Amino acid sequence: MGRAAPRHCDRLRLLCLLREYRRIDTVDESLMKILFIGDVFGRPGRRVLRRYLGELKDQHDPELTVVNAENAAGGFGVTESVLDELLGDGEIDILTSGNHIWDKREALDLIQDEPRLLRPHNYPADSPGSGWRVATASNGIEVGVLNVMGTVFMHPTLDCPFRCVDEVLKKKPETLNVVLVDFHAEATSEKVAMGWYLDGRVSAVVGTHTHVPTADERVLPQGTAHISDVGMTGCYNSVIGVDTDIILRRFVDRMPERMEPATGPASICGVVIDIDELTGLSRAIERVRMDEQETGAT
Ligand code: FE2
């Protein structure tokens with residue numbers, strides 16, 4: 001299954017050749033950044049994204065911006081107007097998703113008309129849309145973005161996410177070095193395992209879905225940046241984005257109740273990944289977060 005990464009000396013030789021070819025003299029000249037923003041939850045998530053995305057981009061100057069949008073429409077999936085809102089100004093290059101992608105029926109058509117919207121790639125192959133897209137970053141480098149979903153505690157009938165990634169990597173062009181994987185999964189163990197499985201083979205594995213940022217971001221030994229979960233973009237005075245009273249009643253009374261997004265100040269959460277565009281390996285990963293003090297105008 002191609003687990004073995006290139007030997008270190010092979011990689012260094014390749015790096016030297018590439019630097020010579022591209023006339024890149026210093027290490028920093030080959031550095032590019034990807035900004036990844038975690039699950040945007042409902043109207044508060046979209047509001048805080050609008051409010052702070054520009055500021056985050058000004059601070060970090062990423063060449064590519066990827067946002068997980070699976071909860072963007074009221075916490076459940078996406079609609080046409082939400083897609084227009086997120087993609088309309090060109091600030092976001094790719095939208096990833098997860099288990100809620102099909103919650104709105106219109107998503108079945110939307111995902112076929114909008115290639116920048118990804119669904120987990122390990123759904124059956126004939127599902128609408130795709131979980132793999134090659135985007136051109138602002139520095140001209142092609143970046144592969146892959147969205148896959150976990151099977152532990154969430155969707156056991158999906159294809160194996162590990163083998164799914166193997167298949168994509170086997171087929172990708174050899175010249176495509178920079179690859180970001182959004183692993184939308186419930187179990188931390190599965191997310192950590194995916195990081196180790198792909199270490200040295202992709203640029204980054206970022207976890208989404210559980211909506212609580214983890215403090216385990218790091219670059220693994222073979223050069224893959226990893227974090228178990230980047231956290232949600234939405235209201236943290238909530239239960240992972242949903243109104244706290246509703247969730248407490250569901251837990252205590254055990255009665256079904258319609259879930260509604262929480263209201264109030266929200267936070268934007270994500271990571272910035274520094275990647276060597278020549279090798280596709282990462283040098284650093286940093287958590288980023290900005291918190292509203294009040295909701296302000298929507
Ligand atoms: Fe999810």
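**A walk through the strands and helices**

In this predicted model, L35 stands opposite V272 in β10, and that facing pair is a convenient place to enter the structure. The strands β1 and β10 pair in the antiparallel sense over seven bridges, while nine bridges join β10 to β11, which also run antiparallel; in this second pairing I273 stands opposite I285 in β11. Between β10 and β11 lie five residues that complete a hairpin, and G280 in the turn has a positive phi of about 80°.

In a regular strand the side chains alternate between the two faces of the sheet. Along β10, S267, C269, V271, I273 and I275 point one way, whereas I268, G270, V272, D274 and D276 point the other way, and all are buried. β10 is accordingly described as mostly covered, with 10 of its 10 residues buried.

Helix α2 belongs to the same neighbourhood, since β1 (31-37), β10 (267-276) and β11 (282-291) are among the elements that cover its buried residues, together with α3 (80-87). Those buried residues include R43, R46, V48, L49, Y52, L53 and L56. The helix, residues 42-60, reaches 25 Å from its first C-alpha to its last, close to the 27 Å expected, although there is a kink of about 40° centred on Y52. After α2 comes D61, whose phi is positive, near 50°.

In α3, the buried residues are V82, L83 and L86. They cover an arc of only 100° around the axis, which puts them on the same side of α3, and on the other side S81 and D84 are exposed. An α-helix has 3.6 residues a turn, so residues three or four places apart point the same way. The buried residues of α3 pack against β2 (64-68), β3 (94-96) and α4 (107-113).

Elsewhere in the chain, six strands form an open sheet of mixed pairing, in the order β4-β5-β6-β7-β9-β8. β4 (132-136) and β8 (218-219) stand at the edges, each with a single partner strand, so one side of each is left without a neighbour in the sheet. For β8 that partner is β9 (residues 225-227), paired in the antiparallel sense over two bridges, with R218 opposite H226.

Two helices lie across strands of this sheet. Helix α5 (residues 161-171) lies across β4, β5 (142-149) and β6 (178-184), running at about 160° to β5, and helix α6 (residues 188-198) lies across β6, β7 (204-208) and β9, running at about 170° to β7.

Definitions and conventions:
Residues numbered from 1 in each chain as written. Predicted model: local features only at pLDDT ≥ 70, side-chain atom pairs only at ≥ 80, totals over all residues. Helix = DSSP H or I, 4+ residues; strand = E, 2+ residues; numbered from the N terminus. Expected span 1.5 Å × (residues − 1). Bend = angle between axes of the 7 residues up to and from the residue. Buried ≥ 20, exposed ≤ 12 C-beta atoms within 10 Å, placed from the backbone. Contact = placed C-beta atoms within 7 Å. Arc of directions from axis to C-beta. Pairing = 2+ DSSP bridges. Axes fitted to C-alpha atoms, helices over the stretch in contact; angles between N-to-C directions.
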